[in-house]
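I opened this model to see how its parts fit together. These are my notes, in the order I looked things up.

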Amino acid sequence: NMDERKRNVIIYGVPEASEEKLPEKVESILQEINEKPVVKDCCRIGAKKSDAVRQMKFTLSSTDIVSQVLCKSHLLRTKDGFRKVYLSQDRIKEERAAYKLAREKKKTEKTQYKYPSDTEDEVLLLVSRKPT
């Protein structure tokens, strides 16, 4: 159900342990961004593989709280031990593919565009002038 999915948050980049306590892991991540919402269901998503870290999914009580948590999730990048942890909305496969394409497009646009340098133009202008 789409309404239920909107209350879910996906966490990427949290290493797995053999006997992990997911609710405690989720709460510790949320504490890093000064959030203490009531966390409902917590689970890992997908089949366990030795070479990949599975995402974690948890549910919150409302979409407003999800928005609040996602807005502050960028703060994790500044915290030791959480720099590679990312939070995201729970999306269906097609939405994930569309967002991935959009991210890649934005990334290539950033690397291709070069900002013009004002100082370079000023230097050329000064050099090309003849002294009077």
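The entries below go from the overall layout to single residues.

**Entry 1: the overall layout**

I noted before anything else that this is a predicted model. I counted the elements and found five helices and four strands. Reading from the N terminus, I wrote their order down as α-β-α-β-β-α-β-α-α. The protein has 132 residues, and 23% of them count as buried. I also looked at contacts between residues at least 6 apart in sequence: 61% of these join residues at least 24 apart.

**Entry 2: the sheet**

In what order do the four strands lie in the sheet? I read the order as 2-3-1-4, in an open sheet with antiparallel pairing. Strand 2 and strand 4, the latter made of residues 86-89, are the edge strands, and each pairs on one side only. On average, neighbouring strands of this sheet are turned by 25° against each other, with direction ignored.

**Entry 3: strand 1 and its partners**

I then followed strand 1, residues 8-12. Four bridges join strand 1 to strand 4, and the two run antiparallel. Along this pairing I found Val-9 opposite Gln-89 and Ile-11 opposite Leu-87. Strand 1 also pairs with strand 3 over four bridges, again in the antiparallel sense. There, Ile-10 stands opposite Lys-57.

Is strand 1 largely enclosed or largely open? I checked its five residues and found that four are buried, so strand 1 is largely enclosed by the rest of the structure.

**Entry 4: what packs on the sheet**

I looked next at the helices against the sheet. Helix 2 lies across strand 1, strand 2, strand 3 and strand 4. Its direction is at about 100° to that of strand 2. Helix 3, residues 63-72, packs on the sheet too, where it touches strand 1 and strand 4. The direction of helix 3 makes about 145° with that of strand 4.

**Entry 5: the two sides of helix 3**

Which residues of helix 3 are buried? My list has Val-66, Val-69 and Leu-70. They cover an arc of only 95° around the axis, so they sit on the same side of helix 3. I reminded myself of the general rule: an α-helix has 3.6 residues a turn, so residues three or four places apart point the same way. Strand 1, helix 2 and strand 4 are among the parts that cover the buried residues of helix 3.

On the other side of helix 3, I found Asp-64 and Cys-71 exposed. For Cys-71 the relative accessible area is 58%, which is why it counts as exposed.

**Entry 6: the cysteines**

How many disulfides does a search of the whole structure find? It finds zero. I wanted a reason for Cys-43, so I looked up its closest cysteine sulfur. That sulfur belongs to Cys-42 and is 7.7 Å from the sulfur of Cys-43, which is too far for a bond. The cut-off for a disulfide is 2.5 Å between the sulfur atoms. Cys-43 has a relative accessible area of 31%, so I put it down as partly exposed.

**Entry 7: Asp-90**

Where is Asp-90? I found it in the loop between strand 4 and helix 4, the helix of residues 93-112. Is Asp-90 buried or exposed? Its relative accessibility is 13%, so it counts as buried; the limit for buried is under 20%.

I then listed its neighbours. Leaving out residues up to four places away in sequence, Asp-90 touches Arg-5, Asn-8, Ile-10 and Lys-57. With the side chain of Arg-5, the side chain of Asp-90 makes a polar contact at 3.0 Å. With the side chain of Asn-8, the side chain of Asp-90 makes another polar contact, at 2.9 Å. Ile-10 and Lys-57 were already in my notes as the pair that stands opposite across strand 1 and strand 3.

**Entry 8: Asn-34**

My last residue was Asn-34, in the loop between helix 2 (22-32) and strand 2 (42-44). Its phi is near 60°, a positive value in a residue other than glycine. Asn-34 has 65% relative accessibility, so it counts as exposed.

Methods: Residues numbered from 1 in each chain as written. Predicted model: local features only at pLDDT ≥ 70, side-chain atom pairs only at ≥ 80, totals over all residues. Heavy atoms only, no water. Buried < 20%, exposed > 50% of the residue type's maximum accessible area, 1.4 Å probe, protein only. Pairing = 2+ DSSP bridges. Axes fitted to C-alpha atoms, helices over the stretch in contact; angles between N-to-C directions. Contact = heavy atoms within 4.5 Å. Polar contact = N/O pair within 3.5 Å; in protein donor to acceptor, adjacent residues only side chain to side chain. Arc of directions from axis to C-beta.
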